[in-house]
Amino acid sequence: MKKSELFERISEKKTHFSKKIIKGAIKEILNQMSILLSHGHRIEIRGFGSFSLHYRSSRIGRNPKTGKKITLNAKYVPYFKPGKKLRNQANIFKQ
């Protein structure tokens, strides 16, 4: 789902909010989550999951086109761990 699709779904259900307010709210929530993660904070949304940063140490990788070895620098990568409720809902849809 894209951000624009999320906006459309919410605006269809919540007709008493203006589209400008809904679009601003979605944009601000995602912006604040990005800022918090970039400062090393963990974000937990109960029933949904948690976002955090995981450290990846430097390592030797391989260019998939040429097969040549390259050095990959250490970095932090965003990580999402789904909550129990989300995991259970996902398993219901798979059956």
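Residues are classed as buried under 20% relative accessible area, exposed over 50%, and partly exposed in between, with a 1.4 Å probe and protein chains only. The structure is a predicted model, in which local features need pLDDT of at least 70 and side-chain atom pairs count only at pLDDT 80 or more, while totals for chains, interfaces and linings use all residues. Residues are numbered from 1 along each chain as its sequence is written, and side-chain values use heavy atoms, with hydrogens and water left out.

Ser11 lies in helix α1, which covers residues 3-13; helices (H or I, at least four residues) and strands (E, at least two) are DSSP runs numbered from the N terminus. Ser11 is buried, with a relative accessible area of 11%. The side chain of Ser11 reaches the backbone oxygen of Glu8 at 3.0 Å. Contact is defined as heavy atoms within 4.5 Å. Not counting residues up to four places away in sequence, Ser11 touches Lys19 and Ile22. The C-alpha atoms of Ser11 and Lys84 are separated by 28 Å, and these residues are 73 residues apart along the chain.

The protein chain is divided into domain 1 (1-41) and domain 2 (42-94), the bounds coming from an automatic or database domain assignment. Taken over C-alpha atoms, the centres of domain 1 and domain 2 are separated by 22 Å. Five residues of domain 1 are in contact with six residues of domain 2. The area buried between the two domains is about 500 Å², and carbon and sulfur atoms give 82% of this area. Buried area here is the accessible area (1.4 Å probe) that two parts lose on being put together, summed over both. In domain 1, Met33, Leu37 and His41 lose the most area to domain 2, together 88% of what that side buries. The residues on the side of domain 1 that touches domain 2 divide into three nonpolar, two polar and no charged. In this division, Ala, Val, Leu, Ile, Met, Phe, Trp, Tyr, Cys and Pro count as nonpolar, Asp, Glu, Lys and Arg as charged, and the others, Gly among them, as polar.

Across the interface of domain 1 and domain 2, zero salt bridges are found, a salt bridge being a side-chain nitrogen of Lys or Arg within 4 Å of a carboxyl oxygen of Asp or Glu. Zero residue pairs in polar contact (both at pLDDT 80 or more) are found across this interface. A polar contact is a pair of N or O atoms within 3.5 Å; within protein, one must be able to donate a hydrogen and the other to accept it, and residues adjacent in sequence count only if both atoms are side-chain atoms.

The structure holds two salt bridges. Side chains of opposite charge can pair when their charged atoms come close. The side chains of Arg42 and Glu44 meet in one salt bridge (3.2 Å, N to O). Arg46 also forms a salt bridge with Glu44, the closest N and O atoms being 2.6 Å apart. Arg42, Glu44 and Arg46 are thereby linked in a network of salt bridges. Arg42 is exposed at a relative accessible area of 54%, and Arg46 counts as exposed at 73%. Glu44 is partly exposed, at 42%.

Ser50 lies in strand β2 (residues 49-56) and counts as buried at 8% relative accessibility. The side chain of Ser50 makes a polar contact with the side chain of Arg42 (3.3 Å). Leaving aside neighbours within four places in sequence, the contacts of Ser50 include Glu44, Tyr79 and Phe80. Ser52 is also found in strand β2 and counts as buried at 15% relative accessibility. Outside its neighbours within four places in sequence, Ser52 is in contact with Leu37, Arg42, Val77, Pro78 and Tyr79.

Gly83 is found in the loop between β5 (75-82) and α3 (84-94). Gly83 counts as buried at 15% relative accessibility. The C-alpha atoms of Gly83 and Gly49 are separated by 4.1 Å, although these residues are 34 residues apart along the chain. Gly83 touches Phe48 and Gly49, not counting residues up to four places away in sequence.

Leu72 lies in strand β4 (residues 69-72) and is partly exposed, with a relative accessible area of 29%. Leaving aside neighbours within four places in sequence, Leu72 is in contact with Ser58, Arg59 and Gly61. The C-alpha atoms of Leu72 and Glu44, 28 residues apart along the chain, are separated by 30 Å.
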